[in-house]
Amino acid sequence: MNDLKEKLFKLIEERENEMIEIRRHLHQYPELSFEEENTAEYIKSFYQDKNVKISQPVKDEHGIIVEINGGKEGRTIGLRADFDALPITEEADVPFKSTNEGVMHACGHDVHTAYLMGLADALIELKEELPGTIKIIHQHAEEKPPGGAKAIVESGALDDIDEIYGIHIVPVASPDFIGYHKGKAFSGSSTFKLTINGLGGHAASPHKTHDALVAGTNFVNTIQTVVSRRIDPLEMGVITIGAFEAPGGYNVIQDSVTIKGTARYLNPDYEEKMYEEIKKISDSIALGFDVECNLDYHYGYPVLYNHEEQTNKMVDILKKSKGGYFNHLIEIPQASGSEDFAYYLQKIPGTFYIVGSKPENTDTPYMNHHPKFEVNEDCMAVASKSLGEIVLNRLDLES
């Protein structure tokens, strides 16, 4: 296995410049969730002349599975990277800045795709020496619920997978940092939009109106009590209002307002409870302020649960390389962010971990989803090598 690892690492190192070129190309031409047609074609063209099976398991969606069949018997391992971008106008000063106005790879999915393409290419070159099968999952639409993972899982295309692994790059630390968490690692999430319709009028005669704005501000204030008074203080819960839309003038009481927000939780039981409590408050606001409240609530991604066995094995595998291509392997706290990789882990044993991507000479990097988000491209070699080590070890448990 050590000889195969050395060969794989050498091939990854030879492809590092190509991974950077791929990442920068993808960064220049980002596409939003469920609209990634050109990105999908670019990925497919990369594999077109290689000795692999390429499929798109979900009709009219852009996710791609590349199957690498090894020359020996063994297990089947899945490796996943996402490739959609965000509706953000880029402000980062880079020569490969987004050319698609209002769309940006502000979460690192361009990096994810590039390092997995580089790793896959190296594994393809070694395929005759590999025991088992590797399914490379290039996933669309991670950023927008219901996401791409759920449909891929439901397609049955991954039913033969024994284990699955994935990575997210985060600029909390430099690329010599790998972080993991066993068990409930990333929160579940839901989104909601509340439209309050009242009766507008003149600002000098509020008694003749049903003020939607005042009702809305009371909703925003009251909803904070869900976490402080309805959730066990030993449990994690977050409710954030991200938008309060109430355009108007100085002397006009508006007919309606729209409020948008998200709920987060690490206890799966709170998925339904969050909805029930928010709905109660919405109904009480409607009654108390004599307005109409229309709550549009959507369950998002489930809690991401890293399986203990696979996470422990991942740590054991990577400990042997600590001090080589990376220096820090740390168990990190649970995260309040959410990830649709959770859908894979509901069905398939595996784990999802992070690799640092903090740019050099930066004390306070811009985090994922920021318009000035940047990465240290050295993280791609770390991501590729760590996933490569894991897959080699988990393909053949007898070796």
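In what follows, helices and strands are runs assigned by DSSP and numbered from the N terminus. Good morning, colleagues. The structure before you is a predicted model, and I shall begin with a residue that lies outside those runs.

His105 sits in the loop that connects β3, residues 72-82, with α4. Is His105 buried or exposed? Its relative accessible area is 2%, and because buried means under 20%, His105 counts as buried. Leaving aside residues up to four places away in sequence, His105 is in contact with Leu26, His27, Pro30, Phe83, Asp84, Ala85, Asp110 and Phe373.

Two of the residues just named, Leu26 and His27, bring us to helix α2, where they are buried. The other buried residues of α2 include Met19, Ile20, Ile22 and Arg23. Viewed down the axis of α2, the buried residues lie within an arc of 165°, and therefore they line one face of the helix. As a general point, an α-helix has 3.6 residues a turn, so residues three or four places apart point the same way. Asn17 and Glu21, on the other side of α2, are exposed. What do the buried residues of α2 pack against? Their partners are α1 (2-14), α3 (37-47), α4 (109-125) and α11 (379-395).

The length of α2 can also be checked. It comprises 13 residues, 16-28, and at 1.5 Å a residue it should span 18 Å; the end C-alpha atoms are 19 Å apart, which agrees.

I turn now to strand β12, which contains Ile259. Ile259 is buried, and its relative accessible area is 0%. Among the residues that Ile259 touches, not counting those up to four places away in sequence, are Phe192, Leu194, Ile196, Phe219, Val220, Ile241 and Phe244. For Ile196, the separation along the chain is 63 residues, while its C-alpha atom and that of Ile259 are separated by 8.3 Å.

Strand β12 also leads to my last topic, the largest pocket. β12 (256-265) is one of the strands that each supply at least two residues of the pocket lining; β5 (163-170), β8 (188-197) and β10 (237-245) are among the others. The volume of this pocket is about 1,400 Å³. Of its 50 lining residues, Glu143, Arg264, Gly337, Ser338 and His369 are the closest to the centre. How is the lining divided by class? There are 23 nonpolar, 19 polar and 8 charged residues.

Thank you for your attention.

Terms used. Residues are numbered from 1 along each chain as its sequence is written. This is a predicted model: local features need pLDDT of at least 70, side-chain atom pairs count only at pLDDT 80 or more; totals for chains, interfaces and linings use all residues. Side-chain values use heavy atoms; hydrogens and water are left out. On a 1 Å grid over the protein atoms alone, a cavity is a set of points where a 1.4 Å probe fits but cannot get out, and a pocket is an open set with protein on both sides within 12 Å along at least five of seven lines; lining residues have an atom within 4 Å of a point. Grid points are joined across faces, edges and corners, and a volume is the space filled by probe spheres set on the points. Helices (H or I, at least four residues) and strands (E, at least two) are DSSP runs, numbered from the N terminus. Ala, Val, Leu, Ile, Met, Phe, Trp, Tyr, Cys and Pro count as nonpolar, Asp, Glu, Lys and Arg as charged, and the others, Gly among them, as polar. The expected span of a helix is 1.5 Å times one less than its number of residues. Buried means under 20% relative accessible area, exposed over 50%, partly exposed in between (1.4 Å probe, protein chains only). The arc is that of the directions from the helix axis to the C-beta atoms. Contact means heavy atoms within 4.5 Å.
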